[in-house]
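Please look over the protein shown below. A short report on its fold, sheets and backbone follows.

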Amino acid sequence: MVKAGCVNGLKRPAEGAGGRPAPRKRRKAAGGGRGSAPEEKSSCLSAALFGEDCEISRDQLYELLKYAALGKCHNATQPSWCRIYRQSHLAGVVVIVLPEMSQLHFYKFYLQFKHLRRVFRHRFTLTPSANFLASLYGEGANLKPQNTAQGLTSTSSECISKGADSQCDPIIQKYGGKKRGLTSYILTLEEQKKNDYPTKGSPRCNGYVCTECNQQRTDSSPLFGLDCEMCLTAKGNEVTRVSLVDAQGQCLLNELVRPESTVVHYRTRFSGITREMLLPVKTRLSDIQTRLKKMLPRDAVLVGHSLNNDLQALEMIHPSVIDTSLLFARSEGRRFRLKFLAKAVLGKEIQCEQKLGHDPAEDARAALELAQFFIEQGPAKVAELNLEMLLTTEKLAEVSQKRAALQPQGYRGQQQLNEPPHLSKPCFVECLQVTGQKPLLLGRQELDSSGLCQSNLSTSNRQILQKALEDVPLSTFSIIQFSLGPENVSSHHLAELCEKVGSKLTDMMTIYAGPFEEGFCLKSVKKEFGRCGPIQSLTVVTETYQPYVCIQYEVLEAAQLAVESLNGAEVAGSCIKVQRPIAAATLDCDVLIQELELDVENEGVIYVAGLKKSLTEKDLQEEFSQLKDLETLFLPKDLQSGKHQNCCFLKFQTSQSAVDALEVINGWTMKGSRLRSRNALASGHLWRWIWQMNHSNGNQRRTISYKKMQQLSDSEQDLKKKVQKLDHHIKKLYRSLQNNTLCVVLFPGVNSTCGSQSGLGLMGIKDDGGRSAC
């Protein structure tokens, strides 16, 4: 996709004493007179977030924040999914986190989030996380305080220093000291869900293949090591190499796989895959799935390091897994890298720099041997290795080597040390402190020089805001947490919220057309309304004096297009009216449609319907190539069948180009089919989410008593007021930020045994006008 987006701002503030940034000077109001100083170069943010490319993982988010905070001079690399130009000119990074809130909350209270939706141009779907704050800081973060008898915070590093107290070791705390059989280390279903493993019944795993290894596991069940290498394609991460080894370390499968979509990045440095290697390959993912099903015994236990990523890429579900990244437990949800464990536990060097990319067979064998060592030796013996201390020692040695190498060259050793390579990924606290910066965390937990203080549940959003207004200008990296309160994010409330949003979506994508004459041609009606977009269901209403037709669309734009273009038209021999159902949820429909059209993320995006399903993406690119400033084409696909719909979205570089394209496309005949078009309503990242909401909630509606409905209404009014206040707090904080500050607002999503809801991210670099505009 073509990247776009550029914003203005000022340089990072100069450092004061002790490496702490000096207080920032406020810039004069825009248009401050002729004698004002010339504007310095600004940073730019470019992100091709549209359609299927809008789902961002926690690692990708960490990648962005690390680069924004540290830059190239500290070995941070440009994010793979977006780009920051002139990073060194950034004034700072501010991350606003709304704990336990999801994409669901943003679109339920879309009208109340006035500031958020009008300011931030870039949005993305965020993979939900059970421990989001820790994952935001990255591996190694010590975010959750533990109370001692004196009420002080006891960090994991303190626990390490108590070498004699083996009971403090996370492995002993998790498994005890006695040896157990392998079945004791197989992840439970709850643990699999918590750690993003594909499981049966999960809506995200539709179409996944089950290994059918459903026999009862015993301590003598066979172990198999599995590892995959992936390349980045137009679809996302796709498998390009698969390795399977048995309990004796013999390689049973080591196969290259041709991905279904076009490869965007081979990631050769890590995957070892090149274009030349894949050219002669004919093996597809389905072939690998079939072979694995045949090779694995019915009681097989798969072993891997972060095996959830491999199974997700393989699109396979396996009930019994041992994950070595979780087996060798660390405190606060942190994980050891496979390379470190192989060296520290097995005495083996893997993933060597001399090799081009990782060897999946080598990684699979290492993970398998680690699991066998753990099972044979028992938790107590593993704890005696004192892995945390070994890792700390290794890091200190690396840092010392770096310092020794840099000092003769005149560098400031303590402030310009690069990140030690090939170690467990340091957290932001470590990365920033080694460069002399002090990160700021405000919210229910506060960060001081000794670590995180005890949570204070009585802290209000207003108090957090006041503290942020004082302290954020003094920090180059800040995380601010605001909260709606635990009573508003409970699983019960989430279920009600999900039902309400699903019901409203259904109502907004449903229209009634009629009246028709008796014996009218339903096929003609379906054909005419199908030209507006993909139809999910079509039923005849016979309770009325004359028949009507109820049509439920797959996308919001299709329903709106039908209302606008077919109301008053002659269809199937009758002059009909087209309208939405009149319900409480749709009373503000016109207001909502208008606000959606004005949404900054929909600027320059149009919806086109009436395409023939025989047309491919390549055909459409050729047909639309004559349109001026066309940037991106997104062809939605049915998530169950994988076939594309009869509509697409076109994104243009400017709003005016989109307006011009609308005039050209409406009435345009393509391959014998007449096209219809209008402005987009649903942002680019919403296609998959709306499809899932529509299909999971479709027509499942409950009958709610008047008393219950009144209680829900009162509760919702109270929640709307809280959301408006929250939006106002964020607006006030955002306006206080210096120009050229990268601001990221995160709805982390919900990932628990009670259910899962995707998160939402909004980002931009503040410009003179207070908006993250291009």
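How many residues lie between strand 19 and strand 20 in their hairpin? Six residues separate the two strands. Strand 19 covers residues 535-541 and strand 20 covers residues 548-553. They run antiparallel and share six bridges. Val541 faces Tyr548 of strand 20 across the pair.

**Confidence and overall make-up**

This is a predicted model. Its mean pLDDT is 79, and 76% of the residues reach 70 or more. Two stretches deserve caution. Over residues 409-425 the pLDDT stays under 50, and the model gives this stretch 47 contacts beyond four places in sequence. Residues 697-712 also have pLDDT below 50, with 17 contacts beyond near neighbours in sequence. Where pLDDT is low, the predicted coordinates should not be read in detail.

The protein has 774 residues, and 54% of them count as buried. It holds 26 helices and 33 strands. Among contacts with a separation of 6 or more, 75% join residues 24 or more positions apart. The exposed surface is about 35,600 Å², of which carbon and sulfur atoms supply 49%.

**The four-strand sheet**

The hairpin belongs to an open sheet of four strands, ordered 19-20-18-23, with antiparallel pairing. Strand 19 and strand 23 (577-579) stand at the edges. Each has a single partner strand, so one side of each has no neighbour in the sheet. Neighbouring strands are turned by 20° against each other on average, direction ignored.

Strand 18 (residues 510-514) pairs with strand 20 over four bridges, in the antiparallel sense. Ala513 has Val549 of strand 20 as its bridge partner. Helix 20 (residues 522-530) packs on this sheet. Helix 20 touches strand 18, strand 19, strand 20 and strand 23, and its direction makes about 140° with that of strand 19. In a regular strand the side chains alternate between the two faces of the sheet.

**The seven-strand sheet**

A second open sheet has seven strands in the order 2-5-33-30-4-17-14, and its pairing is mixed. Strand 2 (55-56) and strand 14 (440-442) stand at the edges. Each of these has a single partner strand, so one side of each is left without a neighbour in the sheet. Strand 4 (residues 92-97) and strand 30 (residues 741-747) run parallel and are joined by six bridges. Val94 stands opposite Cys743 of strand 30. Helix 18 (residues 461-471) lies across strand 14 and strand 17 (477-481), at about 160° to strand 14.

**The core**

Which residues have the most contacts inside the largest nonpolar core? They are Ile96, Phe106, Leu116, Ile480, Phe482 and Phe747, in a core of 53 residues. Ile96 falls in strand 4 (residues 92-97), Ile480 in strand 17 (477-481), and Phe747 in strand 30 (residues 741-747). Leaving aside neighbours within four places in sequence, Phe106 contacts Phe113, Leu116, Arg117, Arg123, Phe747, Leu760 and Leu762.

Helix 13 (residues 338-346) also has buried residues: Leu338, Lys339, Phe340, Leu341, Ala342 and Val345. Lys339 is therefore a charged side chain's residue with under 20% relative accessible area.

**Backbone points to check**

Most residues other than glycine have a negative phi, and most peptide bonds are trans. Some places in this model depart from that pattern or take a positive phi at glycine.

| Site | Backbone value | Location |
|---|---|---|
| Arg267 | phi about 50° | loop between strand 10 (263-265) and helix 8 (268-271) |
| Ser306 | phi near 55° | loop between strand 11 (301-304) and helix 11 (307-314) |
| Gly347 | phi about 70° | just after helix 13 |

Arg267 and Ser306 both have a positive phi without being glycine. Is Ser306 buried or exposed? Ser306 counts as buried, because its relative accessibility is 18% and the cut-off for buried is under 20%. Arg267 counts as partly exposed, because its relative accessibility is 22%.

One peptide bond also stands out for inspection. The bond from Gly514 to Pro515 is cis, with omega near 0°. Pro515 sits in the loop between strand 18 and helix 20. Gly514 falls within strand 18 (residues 510-514).

Key. Residues numbered from 1 in each chain as written. Predicted model: local features only at pLDDT ≥ 70, side-chain atom pairs only at ≥ 80, totals over all residues. Heavy atoms only, no water. pLDDT = per-residue confidence, 0-100. Contact = heavy atoms within 4.5 Å. Buried < 20%, exposed > 50% of the residue type's maximum accessible area, 1.4 Å probe, protein only. Areas by Shrake-Rupley, 256 points an atom, 1.4 Å probe, with all protein chains shown as cover. Core = buried A, V, L, I, M, F, W, Y, C linked by side-chain atoms within 4.5 Å. Pairing = 2+ DSSP bridges. Axes fitted to C-alpha atoms, helices over the stretch in contact; angles between N-to-C directions.
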